[in-house]
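Please open the structure in your viewer and keep the selection tool at hand. The stops below are meant to be followed in order, each one beginning with something to select.

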Amino acid sequence: MKSDADNQTPRLSRQGERQRAISEAVMAEGAVRIDELAERFGTSQMTVHRDLDELEARGLLRKSRGVATALSSSLVESSDVFRTGQQQDEKREIARTAVELIETGQAIFLDDSTTVLQMARLIPSRTPLTVITNVLTLINELKGTRGISLVALGGSYYNWCSSFMGGTTIEAINKLRADVFIMSTAAITDDICFFQSQATVDIKRAMFNAAAKRILLVDHTKFQKRALYALAPLSDFDVVVVDSKTNPEDINRLRSHNVHVIVADGHARHDGLHEDPGTGNSAAPDNRPK
C-alpha cells in the first residue's frame with residue numbers, strides 16, 4: 001500500500017513541470033491571460049492562480065488583472081531570467097565594446113544587469129582583475145576563473161534579480177574602493193537612470209560612490225521605458241555605451257550635454273578605439289577618473 005508521501009511525489013513532479021511550462025510560455029510571450037493558460041494546460045483557473053502565486057513568490061512572474069506577465073512596469077522589474085532573453089544581440093554588441101574599457105589589474109564593481117552578465121563572460125581576456133559583486137549569477141559565472149580575484153558581497157537574497165541587497169551589502173560596499181563600476185539601468189527618463197526598486201538604487205548608489213570611474217551600459221529600449229526611483233543623470237557617468245540601434249537623436253542630445261557616448265556596432269574593435277558615427281572619426285575611451 002502506497003503511503004501519502006509516495007502519492008504526493010508524482011503530484012509535486014507534475015506541478016513542477018506545469019509551473020516550468022507556464023513560466024516558459026509567459027516569458028516567451030511576455031504576457032498571457034490566466035484563463036488562456038488554464039485552457040492551454042488543461043487545468044482549472046484556480047490551479048493556475050496557485051501556480052502563479054508560487055512563481056510570483058520566486059520572483060519569476062506576476063499576476064495583474066487576470067494576466068500573467070513577465071514584463072516590467074514602472075513599479076516592478078522583470079526577473080533576471082526573463083531579461084536575459086531580451087535584446088540579446090544588442091547586449092552582446094555592448095558587451096564586446098564595454099570589455100575593452102577594462103584595464104588589466106583593475107578592481108571593478110559589477111551590478112545585477114543582464115547586459116553586464118554578457119560582458120562578464122568576456123572579462124577573462126582582461127585578467128588579472130578583482131571583481132566585486134553582489135550577484136549570485138555572476139559569482140557562479142566567474143568562480144574559479146584563472147586571474148580573477150572574486151569578492152562576493154552578502155546580504156539578504158532576492159530571487160527576482162539573483163542578488164544580495166540590504167544594509168549588510170551596503171555596509172560591505174562602503175568599506176571598499178574600486179577603479180570602475182559597470183552597470184546598466186531599467187529605464188532612462190529625462191536622461192536620468194531610473195529603477196523600480198529603492199533597494200536596487202541604494203546598492204547601485206553605494207557602488208557608484210565607491211568607484212573612481214563609472215560606466216553605464218544601455219540598450220536602445222531603455223530610452224522608451226519608465227521606472228519610479230532615480231539614481232543619477234547620465235552626465236554623471238564617465239562613459240555611456242549604447243547599441244547601434246539607439247536613436248541618433250538620443251545620442252546627439254546626450255553628446256550636446258557633454259555625455260561621453262560610445263556606440264557599439266556589432267564589430268567592436270579590439271584596439272580600444274570606437275568610431276563616432278556622428279563624425280566618422282575614431283575616439284579613444286576617456287579613462288580619466290572622476
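The pLDDT is the predictor's confidence in each residue, on a scale from 0 to 100. This is a predicted model, and a sensible start is to colour the protein chain by pLDDT, which averages 82, with 80% of the residues scoring at least 70. Then select residues 268–290, where the pLDDT is below 50, although this stretch has 46 contacts in the model beyond near neighbours in sequence.

**The open sheet**

Next, select residues 31–33, 62–64 and 67–69, which are strand 1, strand 2 and strand 3. These three strands form an open sheet in the order 1-3-2, with antiparallel pairing. Strand 1 and strand 2 stand at the edges and have a single partner strand each, so one side of each is left without a neighbour in the sheet. If you turn the view, you can follow how neighbouring strands of this sheet are turned against each other, by 30° on average when direction is ignored.

Stay with strand 2 and strand 3, which run antiparallel and are joined by three bridges, and pick out Ser64, which stands opposite Val67 in strand 3. Now add residues 45–57, which are helix 3: this helix packs on the sheet, touching strand 2 and strand 3, and its direction makes about 125° with that of strand 2.

**An enclosed strand**

Move on to residues 178–184, strand 9. Is this strand largely enclosed or left open by the rest of the structure? Six of its seven residues are buried, so strand 9 is largely enclosed. Show residues 107–110 as well, since strand 4 runs parallel to strand 9 and is joined to it by three bridges, with Ile108 standing opposite Val180. Strand 12, residues 211–218, also runs parallel to strand 9, and here six bridges join the two; one place to look is Ile182, whose bridge partner in strand 12 is Ile215.

**The nonpolar cores**

For the last stop, display the side chains of Phe109, Ile173, Leu216, Leu234, Phe237 and Val240, which touch the most other members of the largest nonpolar core, a set of 36 residues. Helix 9, residues 198–209, gives the largest share of this core, namely five residues. Centring on Val240 shows its contacts with residues including Leu216, Val218, Leu234 and Ile262, where residues up to four places away in sequence are not counted. Finally, select Val116, Val131, Val135 and Leu217, which are among the 26 residues of a second, separate core.

Terms used. Residues numbered from 1 in each chain as written. Heavy atoms only, no water. Pairing = 2+ DSSP bridges. Helix = DSSP H or I, 4+ residues; strand = E, 2+ residues; numbered from the N terminus. Axes fitted to C-alpha atoms, helices over the stretch in contact; angles between N-to-C directions. Contact = heavy atoms within 4.5 Å. Buried < 20%, exposed > 50% of the residue type's maximum accessible area, 1.4 Å probe, protein only. Core = buried A, V, L, I, M, F, W, Y, C linked by side-chain atoms within 4.5 Å.
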